[in-house]
Amino acid sequence: MKQKILFTFFLCLLGGAVAFAQTTVSGSVKDASGDPLIGVNILEQGTANGTVTDLDGNFSLQVASGDATLEFSYTGFSTQSVAVANRSTIEVVLQAGVELGEVIVTSLGISREKKSLTYAAQNVSTE
């Protein structure tokens, strides 16, 4: 009788470990010229699970399963989705995307066009 109970306990323990297994995915994110990108947002699609790249463009993230999809986004670059496909290492090259235009931020955080402001505004050039 004790053996049956012990066997059932271990079977449940093993089944629980398999059910909650996670996969660790690591890699790096670079731009088209091969330079590492710092602070790229990496998010597992359909969850709130995510991370950002470090100073060398490297990341490590635990995903729920090997068939997860990661979404890479960074200001000034096109967002890219990559399927994990049971890989443990992923190398991503982000392509330059949308260029930022003129942005006006008021004291209340309301965006307005520069010509519609009734008070002085300063310009900061990209140079």
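What follows is a friendly conversation about how some labels in this predicted model were reached.

Reader: Let's start broadly. What makes up the secondary structure of the chain?

Author: The chain has one helix and seven strands. Along the sequence they follow the pattern α-β-β-β-β-β-β-β. Buried residues account for 20% of the 127 residues.

Reader: How many aromatic pairs does a search of the whole structure find?

Author: It finds two.

Reader: Why is the pair of Phe 59 and Phe 72 called edge-to-face?

Author: Two values settle that. The ring centres are 5.7 Å apart, and the cut-off for a pair is within 6.5 Å, so the rings count as a pair. The planes stand at 70°, and over 60 degrees is edge-to-face, so that is the label.

Reader: Where in the chain do these two residues sit?

Author: Phe 59 belongs to strand β4 (residues 58-63) and Phe 72 to strand β5 (residues 69-73). They are 13 residues apart, and the pair links distant parts of the chain.

Reader: How do you know whether Phe 59 and Phe 72 are buried or exposed?

Author: Buried means under 20% relative accessible area. Phe 59 has 4%, so Phe 59 is buried. Phe 72 has 0%, so Phe 72 is buried as well.

Reader: And why is the pair of Tyr 74 and Phe 77 given the name tilted?

Author: Their centres are 5.6 Å apart, with 40° between the planes. Stacked needs planes under 30 degrees and edge-to-face needs over 60. An angle of 40° meets neither condition, so the pair is tilted.

Reader: What makes Tyr 74 and Phe 77 partly exposed?

Author: That term covers values between the 20% limit for buried and the 50% limit for exposed. Tyr 74 has a relative accessible area of 26%, so Tyr 74 is partly exposed. Phe 77 has 21%, so the label is partly exposed here too.

Reader: What about Ser 28: buried or exposed, and how do you know?

Author: Ser 28 has a relative accessible area of 7%; the limit is under 20%, so Ser 28 counts as buried. This residue lies in strand β1 (residues 23-31). Ser 28 touches several residues beyond four places away in sequence, including Asn 58, Phe 59 and Val 92.

Reader: What makes the Ser 28 and Glu 91 side chains a polar contact?

Author: The two side chains make this contact at 2.3 Å. The cut-off for a pair of N or O atoms is within 3.5 Å, so the distance qualifies.

Reader: Which strands are called edge strands in the open sheet of three strands, and why?

Author: The order is β4-β1-β7, with mixed pairing. The edge strands are β4 and β7 (89-94), as each pairs on one side only. From one strand to the next, the twist averages 30°.

Reader: How do you know that β1 and β4 pair?

Author: At least two bridges are needed, and these strands have six, in the antiparallel sense, so they count as paired. Within this region, Gly 27 stands opposite Phe 59 in β4.

Reader: And what makes β5 and β6 a pair?

Author: β5 and strand β6 (residues 80-83) share four bridges, again against a minimum of two, so they are paired, in the antiparallel sense. Thr 69 has Ala 83 in β6 as its bridge partner. Their hairpin has six residues between the strands, and there Gly 76 takes a positive phi near 90°.

Definitions and conventions:
Residues numbered from 1 in each chain as written. Predicted model: local features only at pLDDT ≥ 70, side-chain atom pairs only at ≥ 80, totals over all residues. Heavy atoms only, no water. Phe/Tyr/Trp six-rings, centres within 6.5 Å; stacked < 30°, edge-to-face > 60°. Buried < 20%, exposed > 50% of the residue type's maximum accessible area, 1.4 Å probe, protein only. Polar contact = N/O pair within 3.5 Å; in protein donor to acceptor, adjacent residues only side chain to side chain. Contact = heavy atoms within 4.5 Å. Axes fitted to C-alpha atoms, helices over the stretch in contact; angles between N-to-C directions.
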